Amino acid sequence: MTWEADHRAFLDRYYRLTHHVYDASRKYFLFGRDRVLDRLLASDDWTTLVEVGPGTGRNLARLHRRRPEAALGGLEASEVMRAHALRRCPWARIDAGFAEDGDIGAVLGAPPQRILMSYCLSMFVDKDRAIDNALRHLAPGGELWVVDFSELAGWAMRPFLSAFHVEAVPNDLLHRHGADHVEHGPLRYYVVARFTA
Ligand SMILES: C[S@@+](CC[C@H](N)C(=O)[O-])C[C@H]1O[C@@H](n2cnc3c(N)ncnc32)[C@H](O)[C@@H]1O
């Protein structure tokens, strides 16, 4: 089995069991997502955005509500989650593919001005490749925004997270790829980072 088939099989198995309760349960530990959405919406110099790993489509739905004129898309490895997000966001185009090598630029027909990775970098098999791939597919001057588990979550929740193939995002990964803004939530539970193309 290739790593892609292996990873997709894991994700589909996991989300088939949990997608009904996903949004209700995740609001208690996926902190910082709305802060990133507010940051994104604070600037009006973009109208195209692709979320990598949109899951249930929760973030895309919120962005659509507040910026209905924007073209929004997704790239999702799990077929279970992709079907769920498409039901919730019929106005979005959500392609099947992997963060590490998926054609993010093709989702909306042109390189997007913003790419969002919300609590998915911690799940990727190859985080370095995923960041490189996103930066390569951004429109000139575009931005990649990441929000994810940081040091406290990595330390306090390690056994729980690793059971679900999740690994907190190390700071050096973000700096190595040239993040131009990095900030942490309370007690360094989560991290928000911005990269500019
Ligand atoms: C924890 S969920 C987060 C969902 C959503 N971004 C949010 O903030 O609620 C992680 C999502 O990333 C997807 N995912 C995991 N590995 C992936 C990969 N290598 N490429 C693309 N999507 C992936 C999962 O299927 C899932 O939908």
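Two strands count as paired if DSSP finds at least two bridges between them. Keep that in mind as you work through these exercises on a predicted model.

## Exercise 1: The sheet and its edges

**Task.** Work out in which order the strands of the open sheet lie, and which strands sit at the edges.

**Solution.**
- Step 1: Follow the pairing from one side to the other. Seven strands make up the open sheet, in the order E3-E2-E1-E4-E5-E7-E6.
- Step 2: Check the pairing type. In this sheet the pairing is mixed.
- Step 3: Look for strands that pair on one side only. These are strand E3 (93-96) and strand E6 (181-184), the edge strands.
- Step 4: Add the twist, which averages 15 degrees from one strand to the next.

## Exercise 2: Bridges around E5 and E7

**Task.** For E4 with E5, E5 with E7, and E6 with E7, say how many bridges there are and whether the strands run parallel or antiparallel.

**Solution.**
- Step 1: Start with strand E4 (residues 114-118) and strand E5 (residues 143-149). They run parallel and are joined by five bridges. Ile-115 has Leu-144 of E5 as its bridge partner, and Ser-118 is partnered by Val-147 of E5.
- Step 2: Move on to E5 and E7. This pair runs antiparallel, with seven bridges. Here you'll find Val-146 opposite Ala-193 of E7.
- Step 3: Finish with E6 and E7, an antiparallel pair with four bridges. One to look up is His-181, whose bridge partner in E7 is Arg-194.
- Step 4: Now ask how covered these strands are. In E5, seven of the seven residues are buried, so the strand is largely enclosed by the rest of the structure. Strand E7 (residues 190-196) is mostly covered, with five of its seven residues buried.

## Exercise 3: Two helices side by side

**Task.** Describe how H3 packs with H4, and which residues make the contact.

**Solution.**
- Step 1: Pick your two descriptors. Two packed helices are described by the angle between their axes and the distance between the axes.
- Step 2: Fill them in. Helix H3 (residues 33-42) and helix H4 (residues 58-66) pack at about 35 degrees, and their axes are 11 Å apart. The crossing is right-handed.
- Step 3: List the contact residues. H3 brings Arg-33, Asp-34, Leu-37, Asp-38 and Leu-41, while H4 brings Arg-58, Asn-59, Arg-62, Leu-63 and Arg-66.
- Step 4: Sort them by class: three are nonpolar, one is polar and six are charged.
- Step 5: Find the buried residues of H3, namely Arg-33, Val-36, Leu-37, Leu-40 and Leu-41. Looking down the axis of H3, you see them within an arc of 135 degrees, so they line one face of the helix.

## Exercise 4: Positive phi angles

**Task.** Tyr-119 and Arg-188 have a positive phi. Where does each one lie, and is it buried or partly exposed?

**Solution.**
- Step 1: Recall the background. Most residues other than glycine have a negative phi.
- Step 2: Take Tyr-119. Its phi is about 50 degrees, although it is not a glycine. Tyr-119 lies in the loop between E4 and helix H7 (127-137). With a relative accessible area of 7%, Tyr-119 is buried, because the cut-off is under 20%.
- Step 3: Take Arg-188, which is not a glycine either and has a phi of about 55 degrees. You'll find Arg-188 in the loop between E6 and E7. Arg-188 has a relative accessible area of 36%, so it counts as partly exposed.
- Step 4: Check the hairpin of E6 and E7, which has five residues between the strands. There, Leu-187 takes a positive phi near 60 degrees.

## Exercise 5: Apart in sequence, how far in space?

**Task.** How many Å separate the C-alpha atoms of Ser-122 and Asp-148, and those of Asp-95 and Gly-74?

**Solution.**
- Step 1: Place Ser-122 in the loop between E4 and H7. Ser-122 is buried, at 1% relative accessible area.
- Step 2: Read the first distance. Ser-122 and Asp-148 are 26 residues apart in sequence, and their C-alpha atoms are 6.7 Å apart.
- Step 3: Check the contacts. Beyond its neighbours within four places in sequence, Ser-122 touches residues including Asp-148, Phe-149 and His-165.
- Step 4: Repeat for Asp-95, which lies in strand E3 and is buried at 16%. Its C-alpha is 6.1 Å from that of Gly-74, with the two positions 21 residues apart along the chain as the separation.
- Step 5: Contacts of Asp-95 outside that four-place window include Gly-74, Leu-75 and Arg-82.

Key. Residues are numbered from 1 along each chain as its sequence is written. This is a predicted model: local features need pLDDT of at least 70, side-chain atom pairs count only at pLDDT 80 or more; totals for chains, interfaces and linings use all residues. Side-chain values use heavy atoms; hydrogens and water are left out. Axes are lines fitted to C-alpha atoms, for helices over the stretch in contact, and angles run from 0 to 180 degrees between N-to-C directions. A crossing is left-handed if the near helix is turned anticlockwise from the far one by less than a right angle, and right-handed if clockwise. Contact means heavy atoms within 4.5 Å. Ala, Val, Leu, Ile, Met, Phe, Trp, Tyr, Cys and Pro count as nonpolar, Asp, Glu, Lys and Arg as charged, and the others, Gly among them, as polar. Buried means under 20% relative accessible area, exposed over 50%, partly exposed in between (1.4 Å probe, protein chains only). The arc is that of the directions from the helix axis to the C-beta atoms.
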